[in-house]
Amino acid sequence: MILSCLPALLLGLTAVEALQYKGVDWSSVTVEEKAGVSYKGASGSAQPLEKILADSGVNTVRQRIWVTPPGGTYNLANNVALGKRAKAAGLGVYLDLHYSDTWADPAHQAMPSGWPTGIDDLAWKLYNYTLDVSNSFQSAGVQPKIISIGNEITVGLLWPTGKTSNWYNIARLLHSASAGIKDSNLNPKPKIMIHLDNGWNWNTQNNWYTNVLKQGPLTTADFDMMGVSYYPFYSASATLSSLKSSLTNMANAWGKELVVAETDWPQSCPSPAYAFPSDAKSIPHTAAGQSTWLSSVASIVAGVKGGVGLFYWEPAWIHNANLGSSCANNCMFSSSGQALSSLAAFKNM
């Protein structure tokens, strides 16, 4: 039996439509370039990363924006420059607004330095910041396809004001962020995304959206997409079948476009901290396994009503190859910057 067919057969999947958004997060490309990395395409010749990605079937790149980061890494100016590179290569842009000066994720949602903590002033600040970011991209001639208002905000955003201990504040802040995009000069307007982690967990998704939408300020008209993170190496419960069930329930409950905003698979994982999901244990920790994983997840997303996209998180960040996991290497490039065969999997999504 051909290895790449195993997960699809196990899940009973059939042929599906191609995904609209086939992407990767490339936020750290300038960090690597400054460190002397020269990326190489399938032919082995050095090429700009954006060309390698485009030639491999990627059509959209994801970029995280921090407000006032130390040293300027991931700030607005850096992202505008990256957006211009992406557009010149024919790639769409997906902005991931962290609303922090550093990492925003389920364990960290620190408010940017100097931002007010009172909900009225904070909502106004958030509106204007989002408006300014949007207008900066329009002025630069780059119109993002997607803008995510927050990153993995399952536990809220802009702590302490926007913690899940106050669902009203979360709803108010997200409504203000959405309005900043809608009132901007961006033309055409991007899709607005809300992004949570643990996309395989329907209870997490259901509880969060049920709580925030019943507050009043945030309505389903304020966003177009629901994004989820889906990683296989943090919980044995994160099965492919659970992802399919969760996304199906989300589609039936809210009818929004659905995107796996972050996923990874290791090319090396000798000492995982957690057991891998049962229906993914047959997938090897190799470049071929990365291709199989991407094909399997893409098939699930495309097979769900409203499923439109998949993004691989930071496949080219070779100096941070474990990408925050217990696996040794989740990149889709070698340590010398050579693209692996798995990168071509985007052509088949």
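**Burial, packing and backbone in a predicted model**

Mentor: Glu 314 is buried, with a relative accessible area of 2% (buried means under 20%, exposed over 50% and partly exposed in between, with a 1.4 Å probe and protein chains only). The model is a predicted one, in which local features need pLDDT of at least 70 and side-chain atom pairs count only at pLDDT 80 or more, while totals for chains, interfaces and linings use all residues. Residues are numbered from 1 along each chain as its sequence is written, and side-chain values use heavy atoms, with hydrogens and water left out.

Trainee: What is the phi of Glu 314?

Mentor: Glu 314 sits in the segment after β8, residues 307-312, where strands (E, at least two residues) and helices (H or I, at least four) are DSSP runs numbered from the N terminus. Although Glu 314 is a residue other than glycine, its phi is positive, with a value near 50°.

Trainee: Which other residue that is not a glycine has a positive phi, of about 70°?

Mentor: The residue in question belongs to the loop between β2 and α4, the latter spanning 76-88. With a relative accessible area of 6%, it counts as buried. Its phi of about 70° is positive although it is not a glycine, and the residue is Tyr 74.

Trainee: Is Arg 64 buried or exposed?

Mentor: Arg 64 is found in strand β2, which runs over residues 60-65. Leaving aside neighbours within four places in sequence, Arg 64 is in contact (heavy atoms within 4.5 Å) with residues including Asp 25, Ser 28, Asp 96, His 98 and Trp 313, and both Tyr 74 and Glu 314 are also on that list. Because its relative accessibility is 1%, Arg 64 counts as buried.

Trainee: About how much space lies in the largest cavity?

Mentor: A cavity is a set of points on a 1 Å grid over the protein atoms alone where a 1.4 Å probe fits but cannot get out, and lining residues have an atom within 4 Å of a point. The structure holds one cavity of 30 Å³ or more, and Glu 314 is among the residues lining the largest cavity, together with others including Asp 25, Trp 26, Ser 28, Leu 49 and Pro 315. Strand β1 (21-25) and helix α3 (49-55) each supply at least two residues of that lining. With volume taken as the space filled by probe spheres set on the points, which are joined across faces, edges and corners, the largest cavity holds about 40 Å³.

Trainee: Which residues lie closest to the centre of the largest pocket?

Mentor: A pocket is an open set of grid points with protein on both sides within 12 Å along at least five of seven lines. About 430 Å³ of space lies in the largest pocket. Of the 22 residues that line this pocket, the closest to its centre are Asp 105, Glu 152, Tyr 231, Tyr 234 and Glu 262.

Trainee: Which residues touch the most other members of the largest nonpolar core?

Mentor: A nonpolar core is a set of buried Ala, Val, Leu, Ile, Met, Phe, Trp, Tyr and Cys residues joined through side-chain atoms within 4.5 Å. The largest nonpolar core has 98 residues, and those that touch the most other members are Ile 194, Trp 208 and Phe 346.

Trainee: How many residues are in another core that lies apart from it?

Mentor: This other core includes Ile 146, Met 193, Val 259 and Val 308 among its members. Its residue count is nine.

Trainee: How far apart in space are Ile 192 and Pro 232?

Mentor: Ile 192 lies in strand β5, residues 191-196, and is buried at a relative accessible area of 2%. Not counting residues up to four places away in sequence, Ile 192 touches Ile 147, Ile 149, Ser 178 and Phe 223, among others. From Pro 232 it is 40 residues away in sequence, and the C-alpha to C-alpha separation in space is 26 Å.

Trainee: What separates the C-alpha atoms of Ser 165 and Phe 223?

Mentor: Ser 165 is in the loop between β4 (146-149) and α6 (167-182), and at 70% relative accessibility Ser 165 counts as exposed. The two residues are 58 residues apart along the chain, and their C-alpha atoms are separated by 22 Å.

Trainee: Which residue does a cis peptide bond join to Trp 159?

Mentor: The partner of Trp 159 has its place in the loop between β4 and α6. Omega of this cis peptide bond is about 5°, and the residue joined to Trp 159 is Pro 160.

Trainee: And which residue does a cis peptide bond join to Asn 187?

Mentor: This partner lies in the loop between α6 and β5. Omega is about 5° here, and the residue joined to Asn 187 is Pro 188.
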